[in-house]
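Reader: Before I rely on words such as buried, donor or contact, I would like to hear what stands behind each of them. Could you take me through them one at a time?

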Amino acid sequence: MTFLPKPKLHHPALGHNALGYTRRDYEGAISTLCAGCGHDSISAAIVRACFELDLPPHRIAKLSGIGCSSKTPTYFLGASHGFNSVHGRMPSVLTGANLANRELIYLGVSGDGDSASIGIGQFAHAMRRSVNMVYIVENNGVYGLTKGQFSATSDKGAKSKRGVVNSDEPIDMVGMALQLGATFVARSFSGDKAQLVPLIEAAIRHQGAAFIDCISPCVAFNNHEGSTKSYDFVRDHNQAVNALDVIEGREEITVDYAPGTVEMVQQHDGSWLRLRKLADEYDVHDRVAAMDYMHRRHAAGEIVTGLLYVDPAPHDLHGMLHTVDAPFNALDDAALVPGAAALEKINAGLR
Amino acid sequence: MSQSLTEVRGLQRINDFVVKFANVNGSGSASANTMFGKSILRMGVPVAPRNIFPSNIQGLPTWYEVRVSEAGHLGARGGVDLMVAMNPQTWDQDIRSIEPGGYLFYDSTKPMPASKFRDDIVVLGMPLTELCNAAYSDPRQRQLFKNIIYIGALSALLEIEPAVIETLLGEQYRGKDKLIAPNLEAFHMGRDYALKHLDCPIGLKVRRADQVGDRISIDGNAAAALGAVYGGASVAAWYPITPSSSLAEAFARYCQRYRVDKATGRNKFAIVQAEDELASIGMVIGAGWNGARAFTATSGPGISLMQEFFGLAYFAEIPAVIFDVQRAGPSTGMPTRTQQCDVLACAYASHGDTKHVLLFPEDPHECFTMGAQAFDLADRLQTPVFVLLDLDIGMNERLCAPFTWDDSKRMDRGKVMTAAELEAGKDFGRYLDVDGDGIPYRTYPGTHPTRGAFFTRGTSKDRYARYTEEGPAYQDNMERLLRKHDTAKSLLPRPLAHPASAPTRLGAIYYGSTSPAMDEAAGLLAEEGLPIDCLRVRGFPFHHDVAEFIAAHDQVFVVEQNRDGQLRSLLINELEVAPSRLARIVHYDGSPITARFIAGAIAKAHTQSRKVAP
Ligand SMILES: Cc1ncc(C[n+]2csc(CCOP(=O)(O)OP(=O)(O)O)c2C)c(N)n1
Ligand code: SF4
Ligand SMILES: [Mg+2]
């Protein structure tokens, strides 16, 4: 049985998408985060991306760990099932959920403490395993929820609000994701909606492990001078390598770009990514070059943003495990239980 | 060249003795030894084989013990009647373990000083190395065939029918037919030598009987894995750890056989070897949340790592099945020795107030039935269910009743609200106790476009899954979880009573792998004039039968395999029994508990209590 969505009555000015939903239908509860928190902008970008992609909200599952960032799934996609799991372990819970039903879209939301500190192991292994998901780290370089301690992405030399200087090397999650085999790797900035929304859309369309490191200033504990994750710092040091549009496969693709500056990438699900190259030497299909480029720009004090790497024909965990198309949670006794006759044979072999 | 230092009249026993093989790990003895046990089984005589092995792959000592018991005692007995001493490293301890009047079979190629023997045992020397070196040039062959040669000698010494072993060799090398003839040759070489040079038969004899019936022989881990297949598990996530790894591996084997879709060749299962136990249980919980049946297999250290997640699954009410194949702890403890030492760690796993559902299978048969049932219970109760095996039943082949299955049975998916029910306007509150049994309804993600979505969290929530830190709402939820735990009592397998043949005020409570030793001990105690009623607990929370049993007896012994009497503590805590009512009978040296130990300890505790009684 299929159920057609019955949109609520809406303000006539609100636009509808192809499914008849408005932007509202993708929103969640009112945010309880600090006013101005970068995380809220990311939630808004997720809402907009899902609306624009015409996704049925209930076919998305949103999972997170623990932290201010991990609280955000309450504040978007209210018609989706959500799971606020334990600190640093969202990747494993999402992996299990994905195995149980490959038909849903999986959106994992995490923080830099959640993913780079306590959860770095699970982050790394989920990337290695190519779980088909969108994995967004809302990276503020600080533990927001526990009030301002350094996280593993805090830059060396960064100053906390209390004046403490971080002496540990930072973990670059983008570099790790590239090295560990993620098939879609991007970095963005919560304050740059024009860049972030299409990146999330492209990541959702990607049929493999898509990772977005989204710098997201914490206005309470990491937006002061001396912080390398503040709004001002990121705006001043942001170096975008490309600009992205996502075009649905069902639309006609018109070739209207000048070769060498614009590239069309078709993803596995039929959607097209239109990439306007900003940095000429940048090649989104070369994993090794991407790592090299990032390191060089980082050494020059720049934060590279944009779509950094994409494999247009990704593999995913279900493919590697060679699983059936049907969601496991819909398999019945006939599909799962070998039955009494088979058991008799097993018994006979054990005598 | 039979070598007997002094004339000893050896033990005279038919179908009732213990043979122990002392080998070096990695010497290829395992398959020969298994065949030895199986040959006796094929002669209709029950055997209980046990591997005793160290935590390494090659070079350290291993033992294989076969208890032969026409009476059907499958617990470890203790003591050795025939020692097959193939490991010079453990010689002294092996010699010491032989019962007076027992037999020693050894490789006499290198002469041993008389001081290395005992004068109250029968010594049977055979120059195995010399025979092998003469017959084979390849060192690997010398080693492997040595094992078959001594099996040949034992068949002559114990009067095992050679045809039975010939058949077994044929079965073992089916498909590799080239190997059959040389193995048969080695077998007969050993047999002929023994017949010619040793006093055959010895006082220990195998006589064909009819005591095996239709029983099967399988290890508990494989049986539990098969239970998971029949229980409908489709997701398994695990991290290797002895003694549980073979459970996950058996699941993979059975799935290859029974869960590959015929039409497409694709898998109706997913097995992930995770990066650690945190990830294993995380995946299981994610899959359970999303409506698939999922499990992990682990042992004590893994249980410790999973604690935070168990609390989440308990509080957020997510089905999960955990097979804990227990080994001696704490920490790495004795990783290849058996214990029942995770009872409390599982019953109250995680921080905060938690209580979990436990199942205690006694043998592979119950590993299968409980292994399957665990998934129904987890779905019905929406909570983690722990199946507590241990190394003794998990990793040893055990004779047990054949598996049965009712084809009309359907998986009990519990209270899952469907899209049609939501569409029809049924009220959905994720944590609403609609039926008064403490079990709420859940929905699978993606069920309905506008109804039934909820947010799962480890934080406190109201009946409609809305975040709240209001005290009354929190307590309301915690109380409901207790009601649900109470409901579990009626769903779990009931305890099984084994009443004494004569009226008695003595009772014994036991569980899991202690079962065969306890049954045998009850017999021994009855012979000594101490009849005892026994109750085998099969699950936690405890059925009310357990409290009644305790109330009905003056003295109750809780028999278990850990230091602190963990089940006893659980009984005291949950049933509010006075601690003095429950005597602790504990065996925890890492070897399986024996009837001798239980009977001795109970008899001693009983006389002591008599002495202090006024
Ligand atoms: C096992 C465990 N340890 C510690 C905590 C406390 N804790 C909650 S959130 C958090 C840090 C979150 O940081 P991050 O992921 O960066 O999220 P943010 O709040 O910055 O968005 C910590 C340490 C916890 N919930 N669980
Ligand atoms: S503490 Fe920081 S991260 Fe948390 S809500 Fe406030 S601004 Fe956002
Ligand atoms: Mg943070």
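Author: Let us start with F295(B), which counts as buried because its relative accessibility is 1%, and buried means under 20% relative accessible area, with exposed meaning over 50% and partly exposed in between (1.4 Å probe, protein chains only). This is a predicted model, in which local features need pLDDT of at least 70 and side-chain atom pairs count only at pLDDT 80 or more, while totals for chains, interfaces and linings use all residues. Residues are numbered from 1 along each chain as its sequence is written, chains are lettered from A and ligands numbered from 1 in the order in which they are written, and side-chain values use heavy atoms, with hydrogens and water left out.

Reader: What makes F295(B) part of a strand, and in which strand does F295(B) lie?

Author: F295(B) belongs to strand β12 (residues 294-298) of chain B, where strands (E, at least two residues) and helices (H or I, at least four) are DSSP runs, numbered from the N terminus.

Reader: Which residues is F295(B) in contact with, leaving aside its neighbours within four places in sequence?

Author: Contact means heavy atoms within 4.5 Å, and with those neighbours left aside F295(B) is in contact with residues including A228(B), V235(B), L247(B), F251(B), V284(B), F323(B) and F375(B). The C-alpha atoms of F295(B) and P384(B) are separated by 9.5 Å, although the two residues are 89 apart along the chain.

Reader: What makes D112(A), N140(A) and V142(A) the protein donors of the magnesium ion (ligand 3)?

Author: Donors are N, O and S atoms within 2.8 Å of the metal (3.2 Å for Na, K and Ca), and water is not among the atoms, so sites may look incomplete. The atoms concerned are OD of D112(A), OD1 of N140(A) and O of V142(A), and they lie 2.0 to 2.1 Å from the magnesium ion (ligand 3), so they meet the 2.8 Å limit. Their spacing in sequence is D-x27-N-x1-V, and the pair of D112(A), in helix α4 (residues 112-117), and V142(A), in strand β5 (residues 142-143), links distant parts of chain A that are 30 residues apart.

Reader: Why is D112(A) called buried, and why V142(A)?

Author: D112(A) has a relative accessibility of 1% and therefore counts as buried, and V142(A), at 4%, counts as buried as well.

Reader: How do you know which residues surround ligand 2, and how many of them are nonpolar, polar or charged?

Author: A residue is near a molecule or strand if one of its heavy atoms lies within 4 Å of it, and the residues that surround ligand 2 include L33(A), C34(A), C37(A), H39(A), C68(A), N140(A) and C218(A). N140(A) is also one of the magnesium donors. By class the shell has eight nonpolar, three polar and no charged residues, where Ala, Val, Leu, Ile, Met, Phe, Trp, Tyr, Cys and Pro count as nonpolar, Asp, Glu, Lys and Arg as charged, and the others, Gly among them, as polar.

Reader: How many disulfides does a search of the whole structure find?

Author: The search finds zero over all chains, a disulfide being a pair of cysteine sulfur atoms within 2.5 Å. C132(B), for instance, is in no disulfide, since the nearest cysteine sulfur, that of C200(B), is 18 Å away. C132(B) is buried because its relative accessible area is 1%.

Reader: What is the area that chain B and chain A bury between them?

Author: Buried area is the accessible area (1.4 Å probe) that two parts lose on being put together, summed over both, and for chain B and chain A it comes to about 5500 Å², with 63% of it on carbon and sulfur atoms. R266(B), P449(B) and F455(B) supply 13% of the area that chain B buries against chain A, more than any other three residues. In terms of contact, 73 residues of chain B meet 62 residues of chain A.

Reader: What is notable about the phi of L77(A) and that of Q382(B)?

Author: Most residues other than glycine have a negative phi, and most peptide bonds are trans. L77(A) is not a glycine, yet its phi is positive, about 50°, and Q382(B), also not a glycine, has a positive phi of about 50°. L77(A) is buried because its relative accessibility is 0%, and Q382(B) is buried with a relative accessible area of 0%.

Reader: Which peptide bonds are cis, among those at P243(B) and P541(B)?

Author: The bond from T242(B) to P243(B) is cis, with omega near 0°, and a cis bond also joins F540(B) and P541(B), where omega is about 5°.
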